[in-house]
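Here is a short set of exercises to work through with the model open beside you. Try each task yourself before you read the solution.

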Amino acid sequence: MTELKISDFKMFEKTLYEIPPPRPITEIIINGLKEIEKTYGPVFTTRFIKHALEFEAQRIGEKPPQDIKTLNDLLEYLVSKSDKYPTPYCTTVYAQYKTENEFQGKAGAGTRIGHLGAARSMSETLSVKDRKVDVDGSLLKLSQILISMNFSPREWGYKKNGDGSVDLLWPKCHYVDGCRSAFDEGLLKRPDGRLQCIAAFAVSQYLKLTSGYEWDYEVLENYKPHCIARSYML
């Protein structure tokens with residue numbers, strides 16, 4: 001693979017903050033877990049809360065509280081401790097990876113991979129380069145949305161490739177503490193063996209919504225300290 005140069009990336013406007021505020025991202029991740037609970041049941045939430053409290057306790061040096069029973073309770077607790085640990089969304093990211101690993105092999109994981117494989121097979125007869133996709137416009141709009149919602153990293157950018165794929169760069173991702181901890185424990189592997197990345201997944205899903213095509217991603221570099229992922233149409 002050709003060596004990637006950070007200087008080749010088109011960078012979006014930097015945010016006014018160094019890291020996103022604690023509540024918005026933490027809240028949206030926790031709200032997403034309410035949908036996962038519909039598949040796995042309340043036991044998923046129970047395990048998630050346990051792992052989140054244990055991770056948070058390590059970061060703030062306090063014993064986990066015993067009265068956190070719901071996702072809403074967890075949200076309020078994590079945000080209340082943001083003076084000691086300002087990125088509670090890292091706690092939720094780590095806990096989600098940890099919990100999902102415990103549930104691997106159950107309904108959902110294999111189905112998702114199967115759907116992606118089918119989509120890839122169907123698209124093999126089409127030329128990705130011939131598809132009219134406004135990547136520049138889509139990513140610019142996404143950057144504006146993330147900033148307006150206080151979800152955006154301090155800085156990120158992209159580089160288009162000749163095959164229609166897009167390389168995404170985060171000089172210092174705000175999820176890095178939770179993500180690296182999960183990586184060190186071997187929790188980031190997707191069912192097919194590739195690494196997970198919450199940021200690359202979010203961008204790929206947005207490109208899917210705006211283009212009408214399926215998108216997937218590969219993690220190319222992580223914690224160098226930058227992270228780079230490649231998003232591509234199937």
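**Exercise 1. The second largest pocket**

Which residues line the second largest pocket? Work out the make-up of the lining as well.

*Solution.* Keep in mind that you are looking at a predicted model.

Step 1: Select the lining, which consists of Glu18, Ile19, Thr87, Cys90, Arg154, Glu155, Pro171, Lys172, Cys173, His174, Val176 and Asp177.

Step 2: Sort these residues by class, and you get five nonpolar, two polar and five charged.

Step 3: Add the volume: this pocket holds about 240 Å³ of space.

**Exercise 2. The enclosed space**

How many cavities of 30 Å³ or more does the structure hold? Describe the lining.

*Solution.* Step 1: The structure has one cavity that reaches 30 Å³ or more. The space in the largest cavity amounts to about 130 Å³.

Step 2: Fifteen residues make up its lining, and those closest to the centre are Cys179, Gln196, Cys197, Tyr223 and Cys227.

Step 3: Classify the lining of this largest cavity: 13 residues are nonpolar, two are polar and none is charged.

**Exercise 3. The buried side of a helix**

Which residues of helix α7 are buried? Find where they sit around the axis and what covers them.

*Solution.* Step 1: Helix α7 spans residues 176-184, and its buried residues are Gly178, Cys179, Ser181 and Ala182.

Step 2: These residues lie on the same side of α7, because they cover an arc of only 160° around the axis.

Step 3: Look at the cover over the buried residues of α7, which includes α2 (42-60) and α4 (88-102).

Step 4: Move past the end of the helix to Gly186, which follows α7 and has a positive phi, near 70°.

**Exercise 4. Two serines**

Are Ser143 and Ser152 buried or exposed? Place each one and list its contacts.

*Solution.* Step 1: Ser143 belongs to helix α6 (residues 135-148). Ser152 is in the loop between α6 and β2 (157-160).

Step 2: The cut-off for buried is under 20% relative accessible area. Ser143 has 4% relative accessibility, so it counts as buried. Ser152 has a relative accessible area of 1%, so it is buried too.

Step 3: Leaving out residues up to four places away in sequence, Ser143 touches Phe12 and Trp156. With that same exclusion, Ser152 touches Thr15, Tyr17, Pro20, Leu146, Ile147 and His174.

Step 4: Link back to Exercise 1, where His174 was listed in the lining of the second largest pocket.

**Exercise 5. Backbone details in two loops**

Where do Asn150 and Tyr223 lie? Check the backbone of each loop.

*Solution.* Step 1: Asn150 is in the loop between α6 and β2. Its phi is positive, about 60°, although Asn150 is not a glycine. At 31% relative accessibility, Asn150 is partly exposed.

Step 2: Tyr223 sits in the loop between β4 and β5. Tyr223 also has a positive phi, near 60°. With a relative accessible area of 14%, Tyr223 is buried.

Step 3: Pro225 lies in the loop between β4 (215-221) and β5 (227-233). A cis peptide bond joins Lys224 to Pro225, with omega at about 5°.

**Exercise 6. The whole chain**

How many helices and strands does the protein chain have?

*Solution.* Step 1: The count is eight helices and five strands. Along the sequence they run β-α-α-α-α-α-α-β-β-α-α-β-β.

Step 2: Of the chain's 234 residues, 45% count as buried.

Notes. Residues numbered from 1 in each chain as written. Predicted model: local features only at pLDDT ≥ 70, side-chain atom pairs only at ≥ 80, totals over all residues. Heavy atoms only, no water. 1 Å grid on protein atoms, 1.4 Å probe; cavity = no way out; pocket = protein on both sides within 12 Å on 5 of 7 lines; lining within 4 Å. Points joined across faces, edges and corners; volume = space filled by probe spheres on them. Nonpolar A, V, L, I, M, F, W, Y, C, P; charged D, E, K, R; others polar. Buried < 20%, exposed > 50% of the residue type's maximum accessible area, 1.4 Å probe, protein only. Helix = DSSP H or I, 4+ residues; strand = E, 2+ residues; numbered from the N terminus. Arc of directions from axis to C-beta. Contact = heavy atoms within 4.5 Å.
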